[in-house]
Structures are given as C-alpha cells and as structure tokens.
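This report walks through a two-chain structure by topic. Please keep the sequence and the coordinates in view while reading.

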Amino acid sequence: MKAFKFSLMLLLIATLMSCNNQQSLQEYYIDSKENEDFIMVDLPTSLISAKSESLSPEQKKVIESVKKINLLAYSLKDTAFYTSETGKVKAILKGDNYDELMKLGSTEQRMRIFIKGDEDAIDEVVVFAQDNSKGFVLARVLGNDMNVADMVRFAETMDTSSAALNTAQFEGIMDVFN
Amino acid sequence: MNKLVVTLMLVGFSLTTYAQKSFDRFEDMKDVTAMVINQKMFKLLGKMDLDSKDPEMKNYIDMVNSLEDIKVFSTKSANAAKAMKGEFSAYKASEKLEQLMSVKDEGKNVNFYYKPGKSDDFVSEFLMFIDGENNDDDTVLIKITGNIDLREIGKIANSINFDGSDELKNVKVN
C-alpha cells in the first residue's frame, strides 16, 4: 500500500511539474524580443482608432474588442534554430488551452489557426505559418470577447475605410515571404 | 503488491501513448498534404451568418453545425499512398464501414464508405478513398465525422475546394 501511495505521489508531482515547465506564448514573445533574428511588430489598436471619426459605432466596437496585434517573423538563416523554435511554438500551442480551428499544408509548408475562448467571445486568435525553406510567422490577435461574425462584417467594410487604417507596419513582415 | 503497481503504471503510460486516433499520423507525414478542420471552426462558421433569413443559408448553417471534423489527406508519393491504403483498409474492417458506392472515373477508382448513423439518410462518418497507386494521380483520403446528411454531401464539396472534392459531388442517394 505504501508503494502505491508513493507512486501516486510521484505521478502527481510529475504532472504538476510538467504544468509549471510550460512556457506560455506571451513568455515566448518576450523571450524572442531580445533576439535580433526575429522581426517583431506590436500593434496596439489605439494606433488604428486614432482616426476613428471616420468609423461607424459598430466598427468602433469591433476595434475596441481587439486589444493588440502581435507579429513575430523569422526569415530562415539557420535551420537548426528554425527547427527548435517551431518545435517550441508547437509545444506551446498544443498545451495552454488553445483550440485548433484548422490546419492546412504538408510537412514542408503549413498553416495552423488556433483560438482561445468561446466561439462567440474569443480572447486570442493565433495564426502560425511555417515554410521549411523560408521561415515562419506567428501572428497573434489579443482581445476581449471578440466576435467573429462582427469581424467578418468589419472586414467587408474595410476596403472603403482602409485609408483610416495604418497598414504600413505590416509590409516589413510580408517581406519575409517574398 | 509492487508488481501490481508497476503493471498499473505501465498500463497508464501505454494508454496515453497509444491514444492516437486513426489517420493522425498522416498529418505529419512527409509528402502528404493535409487539411484538417475541427468542430470549433464549424461552430464559428455557423455563427457567422446567423441573421440570414435565407432558407438556403439556414440549411447550410444546419449542415455546418452538424459536422465534427473534416480531414483530407492527399499524396503523390508511392510510399505514403501505400501506407494510406493500408490504414484505410484496416480502418474499414475495424470500424465495420459500409460501402456506399464505387465509381471508376477517368481511370480513377473512387470508393465511398460510411458508418451508419441515426437513420438511413444520416451517417456518423463518411469516407472517400481515391486510389492513385497505379497511375500518376494523387491518392486521396477524405474523412468527415458528425451527423451527416448524405443528401448534403455535395454541398460540403461545393463549399470547400480541395483535391478530390469534385468526386464528392457525384454522391447520390437513391
């Protein structure tokens, strides 16, 4: 009986430890910030709403539900580094309560989309795209009870109001895949 | 007593390591292109146009909401195709799938299988397998889980565009 209790304890400790060792995506972003090999863009939505007079109240509501957009990109230089970093990201996305919406691609090129939260009140959207010969992009949209239906409607109206949105920041990121 | 503990722990470990579902290994297999859509995605899609009063749209939403997941694997590699065929045959036998129909279309052998659901028209699983082993075509495996209305399979094919989705449009029920 003693042995049984002991092994139970061991098992418990092992599970607890594995939880603690889990790095969160936020921590991963912070850790990678120091590294010059990464291209990093932090886009607080306050930047977008600067010219918000031209937006309707519904559009404002959508923008306000989004707090921050984080982009992290790595243009392939060192394959070993690429492999270890994508491995880390995959492990984080596997744990930490992310729900995978879908994935697409092969072992060479792949895109995966995750969310955190309920379907109609999403707290975080993560898009992870990798290409074994080019690098990877990790995009994260952080918000509070984001609603996809509203966002789609918002995206539909984007074309007309895009002048109000500053997208220049994204261009550096897109260069990675050129 | 000690032996019992060890056995229990071993059983526990083996359960966690072998809990992988069928076909999952193709998601990370070399030369295999995979598309996986999970239930959360369907729930999201279903919520997107809830205000729509169009009956056609409502039908579509009902269908989307009844799906659990869609997996599509396709490959040109002979090795992967062989593995896929083997796993499909094993799955067919172990899950007691029933054949819906088999079509020979432009030299391709297309097979449709299902796992019976709550009624004749509704199935709980729908599988399509295109064997491309003997020619230059892709070997394609599609697996759809949920409460699937066989009459609506064509609609799924219309809304998603992937290798072999054309074949799905040919599914006819009575």
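## Helix α2 of chain B

In this predicted model, the buried residues of α2(B) pack against β3 of chain A and, within chain B, against β1, α3 (55-65) and β2. The helix itself covers residues 39-48 of chain B, and its buried residues are M41(B), F42(B) and L45(B). Because these residues span an arc of only 100° around the axis, they sit on the same side of α2(B).

## The contact between the chains

Chain A brings 18 residues to the contact, and chain B brings 21 residues. On the side of chain A that touches chain B, at least two residues come from each of α1 (2-20), β3 (99-105) and α5 (148-161) of chain A. The element that gives the most to this side is β3(A), with seven residues. Sorted by class, the side of chain A that touches chain B consists of nine nonpolar, four polar and five charged residues.

The strand β3(A) also takes part in pairing across the two chains, since DSSP bridges link it to a strand of chain B. Its partner there is strand β1 (residues 32-37) of chain B, with which β3(A) runs antiparallel and shares four bridges. One of the residue pairs is formed by K103(A), whose bridge partner in β1(B) is V36(B). The strand β3(A) is thus named both in this pairing and among the elements against which the buried residues of α2(B) pack.

## Confidence of the prediction

For the complex, the predictor reports an ipTM of 0.72 and a pTM of 0.73. The average pLDDT of chain B is 79, and 75% of the residues of this chain score at least 70.

One stretch of chain B calls for separate mention: over residues 15-19 of chain B, pLDDT stays under 50, and the model has zero contacts for these residues beyond four places in sequence. Where pLDDT is low, predicted coordinates should not be read in detail.

## Overall make-up of the two chains

Chain A has six helices and six strands, and from the N terminus on its elements follow the order α-α-β-α-β-α-β-β-β-β-α-α. Of its 178 residues, 21% count as buried in chain A. Among the contacts in chain A between residues at least 6 apart in sequence, 64% link residues at least 24 apart.

Chain B likewise comes to six helices and six strands, which are arranged along the sequence as α-β-α-α-β-α-β-β-β-β-α-α. Of the 174 residues of chain B, 28% count as buried, and among contacts in chain B with a separation of 6 or more, 53% involve residues 24 or more positions apart.

## Helix α4 of chain B

Helix α4 of chain B comprises 17 residues (78-94), and the 24 Å from its first C-alpha to its last is close to the 24 Å expected at 1.5 Å a residue. The buried residues of α4(B) are A81(B), M84(B) and F88(B). Viewed down the axis of α4(B), these buried residues fall within an arc of 60°, so they line one face of the helix. They pack against β2 (67-75), β5 (122-131) and β6 (139-149) of chain B.

On the other side of α4(B), the exposed residues are N79(B), G86(B), S89(B), A90(B), A93(B) and S94(B). Just after α4(B), K96(B) adopts a positive phi of about 50°.

## Strand pairing within chain B

Strand β4 of chain B (residues 108-116) pairs with β5(B) in the antiparallel sense over eight bridges, and a hairpin of five residues connects β4(B) to β5(B). In this pairing, Y114(B) stands opposite F126(B) of β5(B). The strand β5(B) is also joined to β6(B) by eight bridges, again running antiparallel, with F129(B) standing opposite L141(B) in β6(B).

## Strand pairing within chain A

In chain A, strand β6 (residues 135-146) pairs in the antiparallel sense with strand β2 (residues 66-75) over nine bridges, and here Y74(A) stands opposite F136(A) in β6(A). Strand β5 (residues 121-131) of chain A pairs with β6(A) as well, in the antiparallel sense and over nine bridges, with V126(A) opposite R140(A) in β6(A). Three residues lie between β5(A) and β6(A), which form a hairpin.

Conventions:
Residues are numbered from 1 along each chain as its sequence is written. Chains are lettered from A and ligands numbered from 1 in the order in which they are written. This is a predicted model: local features need pLDDT of at least 70, side-chain atom pairs count only at pLDDT 80 or more; totals for chains, interfaces and linings use all residues. Two residues are in contact if their C-beta atoms, placed from the backbone, lie within 7 Å. Ala, Val, Leu, Ile, Met, Phe, Trp, Tyr, Cys and Pro count as nonpolar, Asp, Glu, Lys and Arg as charged, and the others, Gly among them, as polar. Two strands pair if DSSP finds at least two bridges between them. pLDDT is the predictor's confidence in each residue, from 0 to 100. The expected span of a helix is 1.5 Å times one less than its number of residues. A residue is buried if 20 or more other C-beta atoms lie within 10 Å of its own, exposed if 12 or fewer, and partly exposed in between; C-beta atoms are placed from the backbone. The arc is that of the directions from the helix axis to the C-beta atoms.
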